[in-house]
Structure formats: structure tokens, C-alpha cells
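This report goes through some helix contacts, ring pairs and backbone details of one protein chain. The sequence and the structure come first.

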Amino acid sequence: MTTTPHPMLSLAPEVREALAAGRPVVALESTIISHGMPYPANVAMAREVEQIVRDGGAVPATIAVIAGRPTVGLSDDELEMFGADGGIRKVSVRDIPHVLATGVHGATTVASTMRIAALAGIRTFVTGGLGGVHQGAETSMDVSADLTELSRTEVAVISAGVKSILDIGRTLEVLETLGVPVVGFGTDEFPSFFSRTSGLPVPMRVDTPEQVAELMHASFGLGLGVGISIANPVPAEHEMSHEDIDDVIARALAECAEQGVTGKDITPFLLGRLVELSDGRSLETNLALVRHNARVGTAIAVAYAATA
Ligand code: PSU
Ligand code: MN
């Protein structure tokens, strides 16, 4: 099944051709580059992930807004720019109209990347971690628009779960309320990004890319109108112990509160402090899990295209 990409999108030629031919395409986000990792590791990661997708037999499509155009498939120079320029705006769904209308660049989050991927006709999206319900959200009401988007856009998102800078239990509750399938890939436990465990079960489990493809055909075929969250645990050899990461997270959260960081700046602030407070250890784990997600997500895109 192919869809015609929305005419307001700018697609890289190879992405357009692959979509028209029904070949597998994997969407990738740009906020992870601009606001999720330090330069130059972020650019190296972006390039490496694209290569992993190619090696797996799919076409990578990193998504961003370039000079006001929602763009699907970035050039190598654009990847470099999104990593090196510290001033690129973080764009969630609510920000899309303003960056388009003002003609500026924007790095897309999970939410906005999902939406633009769907408008292009891409159904598989690989990232690192999802946004979710922030700690203290019962008073602040700070819940990532990533969850809202999962509830209304038919894209399968492969992540390593949710890190405990967020309230993982409440995040899973909200996803249940929103009708979003949360699927453990080869696990019965929801992974917490740096670690394979969270103490919380996943509501359903699959073990192969083909099974994920069948879930996608079932959900999207029926038109349920929701996304799918595939939770893929970090490989055991790269995981951090709760002992090592929990203290770092607690310190980063305390600093965030002390410094009065609010709104969309909270997640980038915390991600940056985790890398610094762990002396780069958390970055190594982050890189390893993104690579692993790219391998698994590509296999899913290939299986989905093969059974379309
Ligand atoms: N978690 C990560 N790395 C990231 C993000 C989250 O481990 O780069 C980014 C993603 O782009 C995600 C966004 O969609 O942060 C969520 O931001 P917020 O909490 O403001 O919705
Ligand atoms: Mn928020």
C-alpha cells in the first residue's frame, strides 16, 4: 500500500522513489541530533544510524524543518548543521505552523516526526527514547505531546522505552488510556532506556520483526488511528545498572528544579546533564541503544514492506 506524500513536504529523491515503489523507508528524528546529544557525537550518530538502515535494506529518512519546509530525508551537510548549530529550534507538533510560516529551521521531536512521517506515507520510525509523563506532572501537567501523537498517528515507533527522568508508571497509564499498544520486543518488562528493566510489565510481547509487521497491518489496516510503541531493551552488554544511573538522574532532576528550567527546555536540560554527570557513560549507552533500535526497526520496516 503506497500513499502520495503531502504536497507541502520536501522529500529527498531516493525517499520519494522508495515510497512510490513500496520499498521500506525508516523515519528518524532530528531533535535527538540537535537537543539529545552533544556535538560531534550527535552527527556521528546520525550518520551511523542512516548507514545501519541502509545496511539493513531500507532507505533512511531523517526528518526536520528546513527553511520552513517539512523535509523528509536530510543531506549530509544538513545532518552536520543540525548537530553543530546550538540554536536550532526544538519543534513539537504545536510549533509546526510557526516554523513553517516564519521560514526557519526546526528539529522535530518524536511527536512532530511521527506526524510528518505519516504525511509522507512512512509507517516505521526509529528513535532513542520517548517523551512521556514528567515527574510531578500530577501538579505541573507536563506530559509530552509524544503521547498525544501516539494516540492519533499511525506510525510504529521503535524506542528503548522511557527513562526515569520521567514517571514511567504514569506514562504507561496514559498510553493505556490513549489506546496505544505498548509492545515489548523480546521482553516482558518495559525497558527504562539505560536499563532493560523498570519493574513494570509490558501489556503485550512480540519476538520477531515479522510479528511486529503483523501488528502494524492489523492496526493500520483496520484504521484504528493510533500508533504503536515498540519497546526494545538496550542490549545487556551496554546497559547501566540502576545503581549507576538512578543517582545521576536524581541529581539532574534536582538541578533542573533549582535552576527553574521549565516547559520544552526540561528534557534537553536533563539529557545534557545526564551525559555530564555520568562522565559520558550515559552517552555510550544511549549510542548503543539507538544503533540497536535502528537494526530492529529496519528489520521491522523490511518485514512490513514485504507483507504489504
Ligand atoms: N528522550 C531521549 N532523547 C531525546 C528526546 C527524549 O532520550 O532526544 C527528545 C525526543 O525528541 C522527544 C523529546 O520527542 O525529547 C520530548 O521532549 P518533551 O519532553 O519536551 O516532549
Ligand atoms: Mn513538556
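In this predicted model, helix α10 meets helix α13 through P209, E210, V212, A213, M216, H217 and F220 on the α10 side and A299, I300, A303 and Y304 on the α13 side. By class, this contact holds 9 nonpolar residues, 1 polar residue and 1 charged residue. Helix α10 covers residues 209–222 and helix α13 covers residues 281–306; their axes lie 8 Å apart at an angle of about 55°. The two helices are therefore oblique to each other. The crossing of α10 past α13 is right-handed.

Two packed helices are described by the angle between their axes and the distance between the axes. A second packed pair can be described in this way: helix α3 (residues 41–55) and helix α4 (residues 76–84) cross at roughly 145°, and their axes come within 8 Å. The crossing of α3 and α4 is right-handed. On the α3 side the contact is made by N42, V43, A46, R47 and E50, and on the α4 side by D76, L79, E80 and G83. The residues in the contact of α3 with α4 are 3 nonpolar, 2 polar and 4 charged.

A46, one of the α3 residues in that contact, can also be placed relative to G86. The C-alpha atoms of A46 and G86 are 16 Å apart, and the two residues are separated by 40 positions along the chain. G86 sits in the loop between α4 and β5 (89–91). Is G86 buried or exposed? Its relative accessibility is 70%, so G86 counts as exposed, the cut-off for that class being over 50%.

The next topic is aromatic rings. A pair of aromatic rings is described by the distance of the centres and the angle of the planes. The count of aromatic pairs comes to 2, and the table gives both.

| Pair | Centre to centre | Angle of planes | Arrangement |
|---|---|---|---|
| F193 and F194 | 4.8 Å | 85° | edge-to-face |
| F220 and Y304 | 6.4 Å | 80° | edge-to-face |

The pair of F220 and Y304 links distant parts of the chain, with F220 in helix α10, Y304 in helix α13 and their positions 84 residues apart. F220 and Y304 are also among the residues through which α10 and α13 meet. F220 has a relative accessible area of 10% and is buried; Y304, at 12% relative accessibility, counts as buried. In the other pair, F193 is buried at a relative accessible area of 1%, and F194 counts as buried at 3% relative accessibility. The cut-off for buried is under 20%.

Some backbone details remain. Most residues other than glycine have a negative phi, and most peptide bonds are trans. Which residues are joined by a cis peptide bond? They are Y39 and P40, with omega of about 5°. P40 belongs to the loop between α2 (31–34) and α3.

A67 is not a glycine, yet its phi is positive, at about 45°. The loop that holds A67 runs between β3 (59–66) and β4 (69–72). A67 counts as partly exposed, with 46% relative accessibility.

D279 likewise has a positive phi, of about 55°, without being a glycine. D279 lies in the loop between α12 (266–277) and α13. With 75% relative accessibility, D279 counts as exposed.

Conventions
Residues numbered from 1 in each chain as written. Chains lettered and ligands numbered in written order. Predicted model: local features only at pLDDT ≥ 70, side-chain atom pairs only at ≥ 80, totals over all residues. Heavy atoms only, no water. Axes fitted to C-alpha atoms, helices over the stretch in contact; angles between N-to-C directions. Helix = DSSP H or I, 4+ residues; strand = E, 2+ residues; numbered from the N terminus. Parallel < 35°, antiparallel > 145°, perpendicular 65-115°, else oblique. Left-handed = near helix turned anticlockwise from the far one by under 90°. Contact = heavy atoms within 4.5 Å. Nonpolar A, V, L, I, M, F, W, Y, C, P; charged D, E, K, R; others polar. Phe/Tyr/Trp six-rings, centres within 6.5 Å; stacked < 30°, edge-to-face > 60°. Buried < 20%, exposed > 50% of the residue type's maximum accessible area, 1.4 Å probe, protein only.
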